[in-house]
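Please open the model in your viewer and keep the sequence panel beside it. The tour below suggests what to select at each stop and says what is to be found there.

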Amino acid sequence: MSATAGQAADQRDLAERLGIKPGHVVQEIGYDDDCDEQLRDSVAAGEDVELVDEDYDDVVDGVLLWWRDEDGDLVDALVDAKTPLAEPSEIGEAAPTAGLSQTSTVSAGKNWSATRLVAPKARR
């Protein structure tokens with residue numbers, strides 16, 4: 001396998017670990033120049049996956065939320081986004097307040113981790 005083919009497989013694996021499936025629409029919130037481009041590429045490279053910006057106003061299958069300590073209140077961000085973001089220790093505390101359950105956390109890049117959060121089955 002070539003380095004390029006190996007990198008493509010790694011990117012798909014990362015998106016799959018985040019629960020992103022073919023045909024998903026993923027909304028990206030909080031994008032800036034410090035975001036991990038490899039993670040973004042991984043999400044966007046999925047089969048028929050559409051990565052949309054924070055102005056998108058239709059139903060989405062997931063949210064890629066780039067959150068930083070200086071971005072304000074994490075609970076507010078979770079309530080607004082209703083899905084994953086960056087700091088696992090704070091997420092575990094904030095998610096239940098936002099009505100979400102933490103299912104997994106994975107390394108999503110050099111300086112980023114990703115946490116998968118889901119709404120209770122009755123709310124989905």
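A nonpolar core, as the term is used in this tour, is a set of buried Ala, Val, Leu, Ile, Met, Phe, Trp, Tyr and Cys residues joined through side-chain atoms within 4.5 Å. Please bear in mind throughout that this is a predicted model.

**The whole chain**

Begin with a cartoon of the whole chain, in which you can trace four helices and five strands, arranged from the N terminus on in the order α-β-α-β-β-α-α-β-β. If you then switch to a surface, the accessible area comes to about 7,400 Å², of which 45% belongs to carbon and sulfur atoms. Of the 124 residues of the chain, 40% count as buried. Among contacts between residues at least 6 apart in sequence, 56% join residues that are at least 24 apart.

**Strand β1 and its partners**

Next select residues 25-29, which form strand β1, and notice that five of its five residues are buried. Which residues lie on each of the two covered faces of β1? V25, Q27 and I29 are on one side, while V26 and E28 are on the other, and all of them are buried.

Now add residues 50-52, which are strand β2, and you will see that β1 and β2 pair in the parallel sense over three bridges; within this pairing, Q27 has V52 in β2 as its bridge partner. To follow the connection, show helix α2 (residues 37-44) as well, through which the chain crosses from β1 to β2 in a right-handed β-α-β crossover.

Then add strand β3, residues 62-65, which also pairs with β1 in the parallel sense, here over four bridges. In this pairing E28 stands opposite L64 of β3.

**The nonpolar cores**

Show side chains for L18, I20, V26, L39, V43, L64 and W66, which are the members that touch the most other members of the largest nonpolar core, a set of 15 residues. The elements that contribute two or more residues to this core are α1 (3-17), α2, β4 (101-109) and β5 (112-118). A second, separate core has 14 residues, including I29, L74, L78 and L100.

Stay a moment with W66 and display its surroundings: apart from neighbours within four places in sequence, W66 is in contact with E28, I29, G30, Y31, C35, D36, L39, R40, D71 and W112.

**Strands β4 and β5**

Move on to β4 and β5, which pair in the antiparallel sense over seven bridges. Strand β5 is mostly covered, with five of its seven residues buried.

Within this pair, select T105 and T115, since T105 stands opposite T115 in β5. The side chains of these two threonines also make a polar contact, at 3.3 Å. Is T115 buried or exposed? T115 counts as buried because its relative accessibility is 0%, which is under the 20% cut-off for that class.

**A turn of the backbone at D48**

Finish with D48, which you will find in the loop between α2 and β2. Most residues other than glycine have a negative phi. D48, although it is not a glycine, has a positive phi of about 60°. Why does D48 count as exposed? The relative accessible area of D48 is 61%, and exposed means over 50%.

Technical notes
Residues numbered from 1 in each chain as written. Predicted model: local features only at pLDDT ≥ 70, side-chain atom pairs only at ≥ 80, totals over all residues. Heavy atoms only, no water. Buried < 20%, exposed > 50% of the residue type's maximum accessible area, 1.4 Å probe, protein only. Contact = heavy atoms within 4.5 Å. Areas by Shrake-Rupley, 256 points an atom, 1.4 Å probe, with all protein chains shown as cover. Pairing = 2+ DSSP bridges. Right-handed = clockwise from strand over helix to strand, strands pointing away. Polar contact = N/O pair within 3.5 Å; in protein donor to acceptor, adjacent residues only side chain to side chain.
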